[in-house]
Each structure stands twice: as C-alpha cells, then as structure tokens.
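This report looks at a few individual residues and their surroundings. Please keep the sequence and the model at hand while reading.

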Amino acid sequence: TCVSLPSFAEDVLVTNTWQEANGDWNGDWSDKDHWTLGAVPTADQYVLFQADPGKNYTVTVNDDYTILNFELLKPSSSVVQTTFKGTGSLTTAGTSGYSYIRENHPVVFDGVDLTIGYYLSAYNNLTLTNGVTARVGTFLPWLRSPNVYVNDGCTLISEGGIRGSRSDMTVYAYEGSVVSIGTIYRYGDYTNPTRLVVDGGTVTLTGTSANDGGTLLLEDAADVRFGHTTITLGNLASRTPTSTGELIVSNSTLCATEVPTTDTYGDAAIWVGRYSQGILRIEGDSVVSNRVLVGGGNSSAHSANDYGVGAIYQRGGKLFPRRSPTSTSIYYGSSIGVAGHGYYELTDDAYCEFAYNASFGYVGSCVVMQYDGNVVMKNGTLYTGYFNYNGNHECTYYIRKGALDLGGNSCWLSYGSGTRTVLTLDGPEAKFSIRSSVSANQKNNNETVLNLNNGGELEAWFLSQKYSREVSSKEYPLVVNFNGGVLK
C-alpha cells in the first residue's frame, strides 16, 4: 500500500546581485541588465552588491524600492565604496535576518533615504549626506570598528539603538544633523565600547539605559536632549567594577527635556558608576541639567551591596542637578555617593546649582574637591552622610577657591548614624555661607569636623549639635579647628 506523504514547502532565499553591465559598474537601480536575475529586486529578494570592480561605483536610485535585506559583499583585495545617489529611497521588508556592510566595503547614501526594519550589522563605515533620512531598527557593529557619519541636513533614527558587539562603534553627528538613538549598550559578555560624538548636531537619547561600558563624547554639540531617559555610565549586573563608562561634555549642552513622572529611584537621570565605574567630564562652556547620581546603585532597602564608583570632573561650565517634580524627598533628588563611592571635582570657575536638596554621601561615601568653583543651593537641604549601611561612611568636602552658598536653606552634616564629615575651608577665597544654622550629628555615633584654614571663612547664624537627649556631645563631637580661618 502506498502512503501519501505530506509535502513540505521549503523557504528558499532568493538572491539578486548587482553586476557589471555594458562594461560599467555604475548604473541605475531600475536597469535590469545590472541584476543577475534580469529584473529589478522585489520585496522577497535578498540583494547583494558586488565588491570586486577594482574601483568605487555609484548606484543611482531615483524611485522608492523595497527589498528583503541587503549585503555589501567583502572585496577580495582593495577597499571598494558603493554610493547610492539620487532622490529615491531603499526599504528592507525583512522582520528577521540582517542587512550587512562587510569588511572593506564602506557605503554612502547621498540623497537616498534608507529604512532598515531589523538589524544592520556593520563591519565598515556608513555615511549619510545630502539630506538623507535613515531609519535603522538596531545597529550591530561587528569586528572592524565601524563609523557612522551623519552630515549637515541628515537625520538618523534608531529606536533599537546600538548593541556594541565584537567591536566598538562611533556615531558622528555633525553640525546641522539630527540623531535619535535608543539604548546604547554592550552586547552579551563583550566589553567593547560605543561612542557617540556630537559635533554641532542635535541628538536625542530615547532608550531606558545608555552607554554600558563605553564613551559618549559631546564636542561643540549644539543641543543634546533626552526625555524620560537614564544614561548609565558603568553598569554591570555582577556588581564588579570592571566596566567603565564615560560621558564627556565639551562646550556642549546636555539637558533633560522631561523629568520623572513617577517616583522611581534613578528614573530619568545621569547615573555615573552604577555597580561599576563611571566618569562624567564637563568641560568648557558646557551646560548639563538633569538628575545626577554618582557612585553606586540602589535598591528599595538601601542595600549595602549597591556598590559602584563614580566621578565628576567639572572643568568650567555649569551643572544643574535636579530632582523628581512629584516629591521633595532627598531619595528622589541628586546625590554624590549614592551607595558606593562618589567623587566630585570642580576647577576653572565651575558652577553647580542644586534645584532642591543635595546629598553628599547618601548611603555611600564621597569626596568633594572644590578647587575653583561655586556650589549653590536654591531650595531644600544639604545633607552629608544621610544613611550608613555599609559601615564605612565618610564625606570629605574641601574648598580652596570658591563658595558653598546655601542661602537661607538648611544644612545637616553627618546626618545618619555612624557617619563622619570633614569639611575644610583652605584659603582666603574659600567661603561657606548659610543664612541659617549648620546642624551636625543628627543620629548616634557621628562626628563632624570643620577646618578653617588660612583665611577660609564660615558664615552661619550658629552651629548646632543634635538636640536630642540621647546624644552626648562628648561622644559624638562637633569639632571646629582654627588654623588662620574665620567663623562669623
């Protein structure tokens, strides 16, 4: 007896390859003689571009075409560049599989718009020029450190962002360009960085977490804005400080257009050194405005395991640490030394203005070195040593030139139990002023030391030790050391 077996339809990948026609590699997309199948590619065809003509060539695209995916083949010898030039567009219809830019085969889109719905795996450079709009689902750099150049008048949108794989990748946003990038992060266990260089362009970061172990460089950037976004510099789930993220803001503006709509800790912030190592550099005439969290992660229980090391180096410019608009709690504000260790250094007449509340050593420890700059608080309270859960909590605050101006706000030094604060004013240009009291040692087992050196000046209504009966000022002292300084 014969048994009828069911038939199985097998999906066959149909390829259509660009080829030389009439002795010329240059040609129009619509010319069927340039295609190996003798017809213009369709939405179900995988399109290959030859890479062995021995010279660069141009494909003219003056209409709108849809293909499955495409691949720029690796040349066998020298570098070959393919340019798509015209007024039309190319769109990939594939919802799986990759499009590829292979080794030694850079590509230029000159006036031709590009839409890739899924992944673009890049081994070499992609250049956008002459008003191109490129929409790429997700970039996947691979092996050869590719660059993406977004020139004047061009737009690059990648909601899926950049997954740094076995190489780094750099996106250059030049003056007059617009770039919108989702999440920028490492891929798998690879540690290669991704860089975003903003050279006069306007950039929007739309992802939920950016730059896990890479560098974001903003140089002479016209305007960099992000909405409900957290930029995380150094973030490893293993909580081992082996990954370093770095954000460099040089003569640029980096401002949050939105602030958190809910009280979620760390939501919509620049988080420097979360569970790992992070560096934020502010240089020149830059302006940075957002929630700023430096050194350590955070859990709802303020866990002592929330390690991390973060540092801000501010060489001039202005920093405006912000808070959640729906809560005045310090928990939802900005902090140096969130739960690990935070470092903040001001030089070159740097300026820092806290909108509401400041925490130097929230659960962790911190060092603030105010070599040349001013720190101002508009509203709220300055806290040092807010909590102590890791048993090694100290805040060191040093001012050599500049002012710590708290206005008519409040100040609590060594607020949390078991914390220690050392604040030093060193020199005639070092000032600490408050039109209220400087309060110290709110909880048990605290210590606060004020060093007034070489003309350093502290001006306050009065200094106060904790008023609770459970505290002995002998056991938990507030110490003022005079070495040529002034107390007003």
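Does V376 count as buried or exposed? At 17% relative accessibility V376 counts as buried, where buried means under 20% relative accessible area, exposed means over 50%, and partly exposed lies in between, with a 1.4 Å probe and protein chains only.

This is a predicted model, in which local features need pLDDT of at least 70 and side-chain atom pairs count only at pLDDT 80 or more, while totals for chains, interfaces and linings use all residues. Residues are numbered from 1 along each chain as its sequence is written, and side-chain values use heavy atoms, with hydrogens and water left out.

V376 belongs to strand β37, residues 373-377, strands being DSSP runs of E with at least two residues, numbered from the N terminus. Leaving aside residues up to four places away in sequence, V376 touches Y351, C352, E353, F354 and D405, a contact being heavy atoms within 4.5 Å. V376 and G407 are 31 residues apart in sequence, yet 7.8 Å apart in space, C-alpha to C-alpha.

Two loop residues other than glycine have a positive phi, as the table sets out.

| Residue | Phi | Loop between |
|---|---|---|
| N130 | near 65° | β12 (126-129) and β13 (133-141) |
| S414 | near 50° | β41 (410-413) and β42 (420-426) |

Most residues other than glycine have a negative phi. S414 also counts as buried, at 0% relative accessibility.

S177, in the loop between β17 (169-174) and β18 (178-181), is buried as well, with a relative accessible area of 1%, and its side chain reaches the backbone oxygen of Y174 at 2.5 Å.

Technical notes
Helices (H or I, at least four residues) and strands (E, at least two) are DSSP runs, numbered from the N terminus. A polar contact is a pair of N or O atoms within 3.5 Å; within protein, one must be able to donate a hydrogen and the other to accept it, and residues adjacent in sequence count only if both atoms are side-chain atoms.
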